[in-house]
Amino acid sequence: MTSAVFEQGNIPPSRQPYRLLIARLEAGLQQQELADMMGVGRTVISNAEKGKGPVRKIYLNAWALATGVPISWLETGDGGWYPPEDPDSVRPKGFEPPTF
């Protein structure tokens with residue numbers, strides 16, 4: 001039996017809600033953890049990941065800082081960022097969730 005490689009076709013667009021979800025999951029954060037780091041309610045995170053309305057620029061900036069991904073990737077999908085293989089290398093050092 002032979003195997004064929006299909007290299008033609010359309011690449012589905014990477015929509016912002018999906019990129020936000022990927023960034024959070026790759027950072028190993030629950031919605032509540034990310035919300036606490038950003039200083040917002042969990043519903044802000046949930047609504048953004050579901051695509052319920054536009055995400056404010058200030059939230060995108062905080063999301064990028066908390067998850068360690070470029071803001072350009074969160075906004076447009078550009079920037080050449082791919083989730084790292086090592087989950088410990090996602091979040092910048094010194095930006096860990098608060099412990100009580």
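**Five helices, one core and two salt bridges**

Glu75 has a relative accessible area of 29% and is therefore partly exposed. This value, like those that follow, is computed from a predicted model. The side chain of Glu75 meets that of Lys57 in a salt bridge, with 2.7 Å from N to O. Because Lys57 belongs to helix H4 and Glu75 to helix H5, the pair ties together parts that are 18 residues apart in sequence. Lys57 also counts as partly exposed, at 46% relative accessibility.

The setting of this pair is a chain with five helices and zero strands, which reads α-α-α-α-α along the sequence. Of the 100 residues in the chain, 29% are buried. The accessible surface amounts to about 7000 Å², and carbon and sulfur atoms account for 54% of that area. Among contacts with a separation of 6 or more, 57% link residues 24 or more positions apart.

The interior may be considered next. The largest nonpolar core comprises 20 residues, and those with the most contacts inside it are Leu20, Leu34, Ile45, Trp63 and Leu74. At least two residues of this core come from each of helix H1 (16–26), helix H2 (31–38), helix H3 (42–50), helix H4 (57–67) and helix H5 (71–76).

Helix H1 offers a detailed view of this packing. Its buried residues are Arg19, Leu20, Ile22, Ala23 and Arg24, and their cover includes H2, H3, H4 and H5. As a general point, an α-helix has 3.6 residues a turn, so residues three or four places apart point the same way. Leu20 itself touches Ala48, Glu49, Val55, Leu60, Trp63 and Leu74, leaving aside residues up to four places away in sequence. Two of these partners, Trp63 and Leu74, are also listed with Leu20 among the core residues with the most contacts. After H1 comes Gly28, whose phi is positive, near 75°.

Glu49, one of the residues touched by Leu20, leads to the other charged pair. The structure holds two salt bridges. In addition to the pair of Lys57 and Glu75, Arg24 forms a salt bridge with Glu49, their closest N and O atoms being 2.5 Å apart. Since Arg24 lies in helix H1 and Glu49 in helix H3, this pair ties together parts that are 25 residues apart in sequence. Arg24 is buried, with a relative accessible area of 8%, and Glu49 likewise counts as buried, at 13% relative accessibility. Lys57, by contrast, is partly exposed, as is Glu75.

Conventions: Residues numbered from 1 in each chain as written. Predicted model: local features only at pLDDT ≥ 70, side-chain atom pairs only at ≥ 80, totals over all residues. Heavy atoms only, no water. Core = buried A, V, L, I, M, F, W, Y, C linked by side-chain atoms within 4.5 Å. Buried < 20%, exposed > 50% of the residue type's maximum accessible area, 1.4 Å probe, protein only. Helix = DSSP H or I, 4+ residues; strand = E, 2+ residues; numbered from the N terminus. Contact = heavy atoms within 4.5 Å. Areas by Shrake-Rupley, 256 points an atom, 1.4 Å probe, with all protein chains shown as cover. Salt bridge = Lys/Arg side-chain N within 4 Å of Asp/Glu carboxyl O.
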